[in-house]
Amino acid sequence: MADNIRRIWETDPDSKPRERQFSDDFVGRFRSGRLVGKQPEALNHWRVTTGDPVVAAEIARLMGGESEEWDTDKEDNLEVLTESASVEIIIESSDKIDASMKLFGMTGLVHHCDGVEFLSPDEDKGVPCGCPPLLQDRKDKAKAGRGPKPSIDIVFKLAAAPEIGLFRFNSGSWELVKVLHNVLADVDAYEGRPVRATLSIENVSYTTKAGRDVSYNKPVVKVLSAYEVAAPLADAA
């Protein structure tokens, strides 16, 4: 079949579609939610997005689900709605876990702190950030859009397929904030060695004294042990 429009880009080269470029840092992201229309939806199983069809196929093989395209202008245009609420991961060190408080506005990041002092921009670094000292007050301000909320990044490999590269999980969970110091201490207990851990979506449900039913999902990280690379099999005699 003849390609009769092969020269179309000669007159308008700036409009020629570019080859999709992928980041060398991460092969995919784990997500615990998605947007349906304009409404956020919490998920009971992990959703993984990637720009690499090989990675998407491996996630589907390991965790269930199918690779499909989703509407995004980012490079991770493939998603897998997995059938797994928990996955075993490798965290190389506590440096692979980063947490801060962030508030975004129309112009981008407008408040970035550690809860006590600004972390950026450089001219404000170390200056008191003015956040309330009590956790509930911080949550109330964040909910009203007048204060920062948690931004927790965890970088890891899959224990079942470490060779495919690094994944990232970002969470704004206040529940994870409450226990993050314990997670960091558990990782540091192995003195710089990589650790095996589980990354899970856990449902919390209860009824208040007033009779109101409450149900929400939270991410949970549980450190299991040091990660040991399997020894190669001895050559058969």
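How many disulfides does a search of the whole structure find? The count is 0. Keep that in mind for the cysteines at the end of this tour of a predicted model.

**The whole chain**

Start with the protein chain in cartoon view. Its secondary structure consists of 3 helices and 12 strands. The chain has 237 residues, and 32% of them count as buried. Switch on a surface: about 15,600 Å² is exposed, with carbon and sulfur atoms supplying 50% of that area. For contacts between residues at least 6 apart in sequence, 56% join residues at least 24 apart.

**The largest nonpolar core**

Next, select Phe-30, Ile-59, Ile-91 and Phe-156. These belong to the largest nonpolar core, which has 30 residues, and they touch the most other members. Colour helix H1, residues 53–63, since this is the element to look at next. Helix H1 contributes 5 residues to the core, the most of any element.

Now centre on Ile-59 and show its surroundings. Leaving aside residues up to four places away in sequence, Ile-59 touches Phe-30, Val-48, Gly-64, Val-80, Thr-82, Leu-158 and Phe-167.

Apart from this core lies another, made of 7 residues. To find it, select Met-101, Cys-113, Cys-129 and Ala-142, which are among its members.

**A buried glutamate**

Move to strand S4, residues 78–81, and pick Glu-79 within it. Is the residue buried or exposed? Glu-79 counts as buried because its relative accessibility is 11%, under the 20% cut-off. Show the side chain of Arg-47 as well: a polar contact of 2.7 Å joins it to the side chain of Glu-79. Arg-47 is also one of the residues that Glu-79 touches, together with Val-48, Thr-49, Glu-66, Ser-67, Glu-68 and Trp-70, again not counting residues up to four places away in sequence.

**The cysteines**

Finish with Cys-113, Cys-129 and Cys-131 as sticks, sulfurs highlighted. Cys-113 takes part in no disulfide, and the nearest cysteine sulfur to it, that of Cys-131, is 3.7 Å away. Cys-113 counts as buried, with a relative accessibility of 0%.

Why does Cys-131 not bond to the closest cysteine sulfur? That sulfur is in Cys-129, and the 3.7 Å between the two is too far for a bond, because a disulfide requires sulfur atoms within 2.5 Å. Cys-131 is buried too, with a relative accessible area of 18%.

Conventions
Residues numbered from 1 in each chain as written. Predicted model: local features only at pLDDT ≥ 70, side-chain atom pairs only at ≥ 80, totals over all residues. Heavy atoms only, no water. Helix = DSSP H or I, 4+ residues; strand = E, 2+ residues; numbered from the N terminus. Buried < 20%, exposed > 50% of the residue type's maximum accessible area, 1.4 Å probe, protein only. Contact = heavy atoms within 4.5 Å. Areas by Shrake-Rupley, 256 points an atom, 1.4 Å probe, with all protein chains shown as cover. Core = buried A, V, L, I, M, F, W, Y, C linked by side-chain atoms within 4.5 Å. Polar contact = N/O pair within 3.5 Å; in protein donor to acceptor, adjacent residues only side chain to side chain.
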